[in-house]
Amino acid sequence: MVGSLFCLLPLFWLVRSSFMTSLQIFEIPPIWIPAPFKFQNYVEALTTINFGRFFTNTLIITVSCLAGALISSSLGAYSYARLKWPGRNFFFALLLASMMLPGAVTLIPTFIGWKMAGLINTYFPLILPVWFGSAFDIFLLRQFYSTIPKDLDEAAYVDGAGLWTIYWRIIIPLSKPALIVIGLFSFMSSWNDFMGPLVYVNEESKFTMALGLQMFQSLHSAQWHLLMAASTVVILPVIIVFFIGQRYFIEGITLTGLKG
């Protein structure tokens, strides 16, 4: 209980500061409850720069990456967990080895590749890689698929079901907790991504919420009440999504480590 309160203190401080003036934020002893609540901080923060446009851009990227993560990773994991084909174990080990490569090592070669393709200042470098599968997501789903009894596949084969029918009618419905975990990871990663848009996006009209917040900070570095309000708006969707899916998140993480 004490540990939870300690971890939630920064979040409480952020939200509490977003309803205060700059002077109230730094008063000693601290003021824990704003008096009065300055709702105008949010109005000023959201109208100073075009956060509406940044929100739309971020939503487009996040939804596209979410769909790509769920489709590509679930199909890849299905192949590794339920199908037998030559070199399966070797390629799975190679897939796991790719997780050891730091992002900084591949950043420059990847950027050069996208530049040669003429896709800099577009969202393709942020979205397309996700549609080819994530090693971590595939590994997580593969572990979960391994817990589903293969007797279900054999029974479906006897009834005349094909690979696609088994995947869609049996594996996917039974994998809801794991898929929700993948969805949560993908949503938080895409929504909070700062380095990707910073490297590949140049025009302000294409900025995401993370870049918009950085630009807002450079313009209003001394106006802490507005900065706190803008930061609260940026992280609010992540908090809402996590609290909605936290039960499935815990269930998916727990079941993924089991093998039956």
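**A buried serine, a core and a pocket**

Visitor: Where is the place of Ser-175?
Guide: This is a predicted model, in which local features need pLDDT of at least 70, side-chain atom pairs count only at pLDDT 80 or more, and totals for chains, interfaces and linings use all residues. Residues are numbered from 1 along each chain as its sequence is written, and side-chain values use heavy atoms, with hydrogens and water left out. Helices (DSSP runs of H or I, at least four residues) are numbered from the N terminus, and Ser-175 is placed in the loop between helix H10 (163-174) and H11.

Visitor: Does Ser-175 count as buried or exposed?
Guide: Buried means under 20% relative accessible area and exposed over 50%, with partly exposed in between, using a 1.4 Å probe and protein chains only. Because its relative accessibility is 0%, Ser-175 counts as buried.

Visitor: Which backbone oxygen does the side chain of Ser-175 reach?
Guide: A polar contact is a pair of N or O atoms within 3.5 Å; within protein, one must be able to donate a hydrogen and the other to accept it, and residues adjacent in sequence count only if both atoms are side-chain atoms. At 2.6 Å, the side chain of Ser-175 reaches the backbone oxygen of Ile-171.

Visitor: Which helix gives the largest share of the largest nonpolar core?
Guide: Such a core is a set of buried Ala, Val, Leu, Ile, Met, Phe, Trp, Tyr and Cys residues joined through side-chain atoms within 4.5 Å. Of the 28 residues in the largest one, Phe-51, Phe-54 and Phe-216 touch the most other members. Helices supplying at least two residues each include H3 (40-48) and H14 (224-256), and the largest share, 6 residues, comes from H14.
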